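Reader: Take me through the empty space in this model, please. Start with the enclosed voids, then move out to the open pocket and the helix beside it.

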Amino acid sequence: RSSAPWRAAFGQAKPYKIGTLQPLSGAAAAGGKTALVGSQMAVDRINKAGGINGRPIELIVADYESKPDVGRRKAEKLAVEDKIDLHQGGFLSNVCIACMPVWDEHKILNMIGVCLDTTITTSKCSRYTFRPFDYAPAQAVAFAPYLVKKMGKKWHIAYADYSWGQSTRDAYADQIKKAGGEVVDTTGIPLGVADMTPFLSKITGNFDGFFGIFFGKDGVTIGNQAYDLGMTKKYRWAGDGAIAESTNLPALGSKIEGFVGINRYVPVLEGPLNTPAHKKFFEEAVVRLKQIDPSGPLPDRYVQSNFEAMNFVKLGIQKSGFKGREDTMKLIEALEGMEVKTSDDFPQGDKTLRKDDHQAFVSEFIFDIKGGKHRIVEVVPKEKTMFPPACKFA
């Protein structure tokens with residue numbers, strides 16, 4: 001692991017040991033492998049530039065096989081046996097939540113890379129955990145006015161029936177109502193259902209728009225099957241950007257044409273994403289993703305958020321003088337309320353890492369799929385995505 005060519009340059013400098021939990025096998029493996037690329041890109045860039053405070057980063061990767069019990073066990077191993085200084089990673093929300101008590105107990109900073117469950121920075125918030133990207137309430141605040149004013153007043157929401165999908169459903173139901181619209185009904189579909197037709201064929205009645213909250217393989221399934229049943233012709237078709245993530249587009253083909261979504265990141269060089277910093281990130285990510293997937297997917301929000309999460313860690317360490325776990329509280333204080341601007345470290349754009357709940361606020365991109373590609377139709381600046389904090393650190 002430490003045989004990288006830059007290692008010699010650091011001599012006897014003790015590396016920062018950073019653990020990263022990812023699902024590299026099991027149901028979420030495709031996403032986990034993509035997410036890991038983001039963390040590795042940031043670590044390699046930091047080490048090539050002389051490390052942090054003269055010390056290299058050693059990334060210790062643990063595969064939790066897409067299972068919460070394995071995740072909890074691997075988190076314990078990273079803390080006790082590998083003696084990591086901090087953790088950056090986490091993909092499936094149920095696993096993130098299962099591991100949070102481990103980081104709390106060992107006083108280890110946990111910088112999340114992907115997990116979106118709203119409760120992580122609300123009812124289950126912890127002083128040790130940070131989410132350096134958006135969450136469902138902010139996305140819903142940004143997207144609901146567009147849905148209601150430009151697409152339709154009455155909506156039916158179909159969602160992945162587990163923690164993330166449920167909390168996201170609630171956020172949209174709330175904001176669609178606030179924007180003057182109505183959610184006529186909702187349909188939960190369990191994770192990993194290959195045939196969603198029995199659920200989808202029950203969706204009938206009088207509404208304007210069909211809204212989906214799914215990711216990964218399930219995003220592909222809903223996209224293809226809703227199209228085959230004629231639903232995307234009958235209703236306006238919108239949803240969480242994860243349905244039309246760049247890694248899903250090849251499997252959706254022309255069936256996803258016209259879909260309208262929201263995402264913190266889309267792989268295009270236009271609008272606020274047409275910057276030298278984003279171009280650099282984009283080009284390197286394309287090369288690395290081709291190594292793990294010969295079909296050559298474009299970078300997605302998982303690459304972006306892990307890359308930026310690691311850069312938040314770097315800034316926090318530089319600012320606090322963090323040397324190891326005994327300085328965790330200094331590191332936390334350095335990160336609380338941090339504001340960053342678009343740069344090579346943060347190609348997605350400006351961010352605010354709120355002190356009250358460790359939740360970040362970022363710009364959101366409303367897009368549609370045109371000719372098989374993402375096209376930005378509206379940019380919602382981070383100030384317009386704010387949602388009041390609902391966290392009390394225990």
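Author: A cavity here is a set of grid points where a 1.4 Å probe fits but cannot get out. Its volume is the space filled by probe spheres set on those points. The model is predicted.

Take the second largest cavity first. Its volume is about 40 Å³. Nine names make up the wall: Leu21, Tyr64, His87, Gly90, Val95, Cys96, Cys99, Trp103 and Asn110. Helix H3, residues 93-105, gives the largest share of that lining, with four residues. By class, the wall of this second largest cavity holds six nonpolar residues, three polar and no charged.

Now the largest cavity. It has a volume of about 100 Å³. Its lining includes Phe91, Leu92 and Ser93. Val114, Cys115 and Leu116 also line it. So do Tyr162, Trp164 and Phe215. Arg301 and Tyr302 complete the list. The classes here are nine nonpolar, one polar and one charged. A search of the whole structure for cavities of 30 Å³ or more finds two.

Next comes the open space. The largest pocket holds about 730 Å³. It is lined by 32 residues, and those closest to its centre are Ala27, Ala30, Gly31, Gly216 and Lys217. Two elements, H1 and helix H7 (216-228), each give two or more residues to this lining. H7 supplies the largest share, five residues. The pocket lining splits into 16 nonpolar, ten polar and six charged residues.

H1 leads on to another contact. Helix H1 spans residues 29-48, and helix H10 spans residues 276-292. Their axes come within 10 Å and cross at roughly 130°. That angle makes H1 oblique to H10, because it falls outside the ranges for roughly parallel, perpendicular or antiparallel. The crossing of H1 and H10 is right-handed.

Which residues meet there? On the H1 side they are Lys33, Thr34, Val37, Gln40, Met41 and Asp44. On the H10 side they are Phe281, Glu284, Ala285, Arg288, Leu289 and Ile292. By class, the residues of this contact divide into six nonpolar, two polar and four charged.

To recap H1: it contributes two or more residues to the lining of the largest pocket, and it crosses H10 at roughly 130°.

Note on methods:
Residues numbered from 1 in each chain as written. Predicted model: local features only at pLDDT ≥ 70, side-chain atom pairs only at ≥ 80, totals over all residues. Heavy atoms only, no water. Axes fitted to C-alpha atoms, helices over the stretch in contact; angles between N-to-C directions. Parallel < 35°, antiparallel > 145°, perpendicular 65-115°, else oblique. Left-handed = near helix turned anticlockwise from the far one by under 90°. Contact = heavy atoms within 4.5 Å. Nonpolar A, V, L, I, M, F, W, Y, C, P; charged D, E, K, R; others polar. 1 Å grid on protein atoms, 1.4 Å probe; cavity = no way out; pocket = protein on both sides within 12 Å on 5 of 7 lines; lining within 4 Å.
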